[in-house]
Amino acid sequence: MNIAILGFGTVGTGVYKIINNTDRQATNLNVKKILIRENHKINLPEMTNDIDEILDDIEIDVVVEVIGGIEPAHRYILAALRHKKHVITANKAVIARYMDEFSRVATENNVKFYFESSVGGGIPWIQGLERALRIDSIDTITGIFNGTSNYILDQMDKTGREFNDVLHNAQELGYAEADPSDDIDGIDVANKLCISADIAYDRLVLPDDHRLPIFGIRNINRTDIEYFNQQNLTVKLLGKSFCDGKQFDYAVEPSLCKASAIEASVPDNYNVISLHGGTIGMLKFMGQGAGQLPTANAVIQDILDIYQGKEHLQRAFKSSLKFNPNLNRRHYLIRTRVDVVDIFEGYQLTVHDNYVLVRDIPVGIMHDLMKEILIIDELAFMTCVPEDLETTN
């Protein structure tokens with residue numbers, strides 16, 4: 001099977017390394033072309049900066065897109081599918097926005113569009129979700145979807161260092177980009193949760209829908225971490241979605257976890273993602289959520305599925321489920337210099353040291369009100385609180 005890799009950064013290089021590893025068990029795979037940018041030096045015989053050289057090559061069976069971003073990745077994926085080539089991608093941003101279009105064009109051209117590596121890196125999350133859906137309806141998706149944010153929170157907890165210090169360290173290690181906004185503002189989690197919800201609910205959920213509650217970790221500080229530790233709690237950035245059969249919700253938000261929770265002990269750049277189904281109950285998938293070789297491993301698993309004729313779940317995105325951001329109510333802890341009494345009129349408030357606890361508030365409303373607070377206090381922070389936390393009684 002001949003393969004073209006679009007992009008030769010971290011993941012693309014990893015795919016090339018594994019395929020050319022003579023000790024691997026997976027054989028019959030060959031990288032024929034590698035697309036690089038026009039201003040990059042060609043130093044391998046497979047390299048080209050002409051996408052048409054790949055599209056027009058009838059010997060190329062599979063295109064692996066690991067360029068990242070929206071364009072030209074969106075355009076290249078569609079062109080490859082229309083040239084009757086299977087496409088595999090790790091690009092969560094483009095999948096989250098165009099999954100329905102990619103799936104439709106793949107079907108029209110009798111080829112496959114697979115994306116295991118887009119959520120959870122090396123974790124077989126998409127495969128696990130699809131297997132569960134063969135029998136069950138899924139009513140819960142929760143987890144740590146982003147390795148960079150988890151690394152930052154874990155290191156702040158372990159070392160007592162400030163956010164910016166740990167973020168700089170994450171950038172030096174290659175965990176965080178020069179512009180880390182997608183990771184620390186929850187955008188990366190939002191993309192991955194949208195992809196997961198698309199599959200679970202057979203309904204397209206777009207990450208740029210302004211109704212989606214998304215709040216990141218940009219404003220957390222060392223004092224927050226110390227206070228949570230005093231309560232025997234750990235903060236994690238979680239993606240969450242729940243379905244009651246007619247409606248579903250969705251949120252990306254910092255959340256406090258008790259020491260007994262698996263999520264609380266997830267270290268460094270690891271992810272843990274959970275689903276709940278009617279007969280299977282709760283399943284948790286844990287592993288490296290990023291990194292060159294774990295992500296490349298998941299890409300090659302998809303290539304092998306195509307080579308071996310293994311079908312993945314097909315979705316039409318025609319479910320009648322309605323999105324309701326206020327389907328669930330939760331407790332939230334807020335740190336802000338703003339007097340929030342009037343903002344949260346009608347809700348029960350209690351003061352805990354430098355924090356205000358808001359009880360039993362709909363999730364969507366909480367996120368909307370937090371946006372108002374941030375206009376006045378751009379350093380304000382909030383986190384979801386376990387309902388049965390003793391200090392909230």
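Is F228 buried or exposed? Select F228 and look around: at 2% relative accessibility, F228 counts as buried. Here buried means under 20% relative accessible area, exposed means over 50%, and partly exposed is in between, using a 1.4 Å probe and protein chains only.

Before we go on, some ground rules. This is a predicted model, where local features need pLDDT of at least 70 and side-chain atom pairs count only at pLDDT 80 or more, while totals for chains, interfaces and linings use all residues. Residues are numbered from 1 along each chain as its sequence is written, and side-chain values use heavy atoms, with hydrogens and water left out.

**Stop 1: around F228**

Colour residues 222–230, and you have helix α10, the home of F228. (Helices are DSSP runs of H or I with at least four residues, strands are runs of E with at least two, and both are numbered from the N terminus.) Now show the side chains of I220, L233, V235, L256, L333, F381 and T383: F228 is in contact with them, leaving aside its neighbours within four places in sequence. Contact means heavy atoms within 4.5 Å. Next, pick the C-alpha atoms of F228 and K258; they sit 30 residues apart along the chain, and your distance label should read 10.0 Å.

**Stop 2: the cores**

Select W125, I152, I195, I220, F228, Y250 and F344, which touch the most other members of the largest nonpolar core, a set of 98 residues. Add helix α9 (residues 187–201), which gives the most to this core, with nine residues. Apart from it lies another core of 23 residues, including I5, V15, I303 and L304. A nonpolar core is a set of buried Ala, Val, Leu, Ile, Met, Phe, Trp, Tyr and Cys residues joined through side-chain atoms within 4.5 Å.

**Stop 3: the domains**

Give a colour each to domain 1 (2–114), domain 2 (125–288 + 318–323) and domain 3 (329–385). These bounds come from an automatic or database domain assignment. The C-alpha centres of domain 1 and domain 2 are 28 Å apart, and their contact takes seven residues from domain 1 and 11 residues from domain 2.

**Stop 4: the largest pocket**

Where does the largest pocket lie? Domain 1 and domain 2 both give residues to its lining, so it lies between them. On a 1 Å grid over the protein atoms alone, a pocket is an open set of points where a 1.4 Å probe fits, with protein on both sides within 12 Å along at least five of seven lines; lining residues have an atom within 4 Å of a point. Select V11, I67, G68, K92 and E177, the lining residues nearest the centre, out of 49 in the lining. Helices α1 (10–19), α4 (92–108) and α11 (292–307) are among the elements that each supply at least two lining residues.

**Stop 5: backbone oddities**

Zoom in on E71 and P72: the peptide bond between them is cis, with omega near 10°. P72 is in the loop between β4 (62–65) and α3 (73–82).

Then jump to N232, in the loop between α10 and β8 (233–242). Its phi is near 60°, a positive value in a residue other than glycine. N232 is exposed, with a relative accessible area of 53%.

Finish at D360 in strand β16 (residues 355–362). Phi of D360 is near 50°, again positive in a residue other than glycine, and D360 is partly exposed, with a relative accessible area of 40%.
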